[in-house]
Amino acid sequence: MEKATKKADLIIILAVIAAAILLFTAYTAPGQGKTVLIYHNGELLRVLPLEHDLSFTLTLEEGVNTVVIKNGAVWVESADCGGDCVRSGAKSKAGSSIVCLPHRLVIEVSGEDYDAVSG
């Protein structure tokens with residue numbers, strides 16, 4: 001039981017670190033278009049533009065996820081983990097993320113959102 005707890009703690013820590021990196025990147029890189037950052041086990045696997053439609057399958061040690069980027073949004077179309085990543089829906093706002101804990105996968109939207117108040 002103790003090993004499973006340590007493994008779960010490690011996964012959560014990696015997800016928090018990846019989210020912190022995203023927030024730092026999103027707020028320190030003004031003027032750039034939004035991108036999709038895909039992390040596995042805390043390691044950056046891919047950086048993709050959010051404005052280009054694309055569908056691909058990630059086959060990882062832990063399982064398989066199908067990721068879709070379409071109409072300025074990203075989502076997990078299917079995953080064999082049965083987790084919440086598929087139900088989390090489409091993400092398009094900078095700073096938003098999809099986390100698949102069973103597969104140690106984090107998908108984040110980075111960049112800037114246009115805000116009518118600030119400009």
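Let's start at the largest cavity, which is lined by 13 residues. Closest to its centre you'll find Ile11, Leu14, Ala15, Arg104 and Val106. Keep in mind that this is a predicted model. The space in this largest cavity comes to about 60 Å³, and the structure has one cavity of 30 Å³ or more.

Who builds the wall? Helix H1, spanning 2-28, gives the largest share of the lining, with four residues. Strands E6 and E7 also take part: H1, E6 and E7 each supply at least two lining residues. Sorted by class, the lining has ten nonpolar residues, two polar ones and one charged one.

Since E6 and E7 have already turned up at the cavity, let's follow them into their sheet. It's an open sheet of four strands, ordered E2-E1-E7-E6, and the pairing is antiparallel. On the edges sit E2 (43-49) and E6 (97-100), each of which pairs on one side only. From one strand to the next, the twist averages 15°. As a reminder of what holds any such arrangement together, strands of a sheet pair through backbone hydrogen bonds, either parallel or antiparallel.

Now take the E6 end of that sheet. E6 runs antiparallel to E7 (residues 105-110), and four bridges join the two. If you want a pair to click on, try cysteine 100, whose bridge partner in E7 is leucine 105.

Over at the E2 end, the partner is E1 (residues 35-40). Six bridges join E1 to E2, and these two strands also run antiparallel. Threonine 35 is a handy place to check the register, standing opposite proline 49 in E2. E1 and E2 make a hairpin with two residues between them. Look at asparagine 41 in that turn: its phi is positive, about 55°.

There's a second sheet to visit. Three strands, in the order E3-E4-E5, make up this open sheet, again with antiparallel pairing. Its edge strands are E3 (54-59) and E5 (73-79), each pairing on one side only. Ignoring direction, neighbouring strands here are turned by 20° against each other on average. When you colour side chains in either sheet, it helps to recall that in a regular strand the side chains alternate between the two faces of the sheet.

Walking along this sheet, E3 meets E4 (residues 64-70) over six antiparallel bridges. Threonine 59 has valine 64 in E4 as its bridge partner. The hairpin of E3 and E4 has four residues between the strands, and glycine 63 in the turn shows a positive phi of about 160°.

Next comes the step from E4 to E5, where antiparallel pairing again spans six bridges. Here lysine 70 stands opposite alanine 73 in E5. This hairpin has two residues between its strands, and asparagine 71 takes a positive phi near 55°.

Finally, some ring geometry. What contact does phenylalanine 56 make with arginine 46? The arginine lies over the face of the ring, at 4.4 Å from the ring centre. Arginine 46 falls in E2 (43-49), while phenylalanine 56 falls in E3 (54-59). As for aromatic pairs, the structure holds zero of them.

Note on methods
Residues are numbered from 1 along each chain as its sequence is written. This is a predicted model: local features need pLDDT of at least 70, side-chain atom pairs count only at pLDDT 80 or more; totals for chains, interfaces and linings use all residues. Side-chain values use heavy atoms; hydrogens and water are left out. Two strands pair if DSSP finds at least two bridges between them. Axes are lines fitted to C-alpha atoms, for helices over the stretch in contact, and angles run from 0 to 180 degrees between N-to-C directions. Rings of Phe, Tyr and Trp (its six-membered ring) pair if their centres lie within 6.5 Å; planes under 30 degrees apart count as stacked, over 60 as edge-to-face and the rest as tilted. A charge sits over a ring if NZ of Lys or CZ of Arg is within 6 Å of the ring centre and within 35 degrees of the ring normal. On a 1 Å grid over the protein atoms alone, a cavity is a set of points where a 1.4 Å probe fits but cannot get out, and a pocket is an open set with protein on both sides within 12 Å along at least five of seven lines; lining residues have an atom within 4 Å of a point. Grid points are joined across faces, edges and corners, and a volume is the space filled by probe spheres set on the points. Ala, Val, Leu, Ile, Met, Phe, Trp, Tyr, Cys and Pro count as nonpolar, Asp, Glu, Lys and Arg as charged, and the others, Gly among them, as polar.
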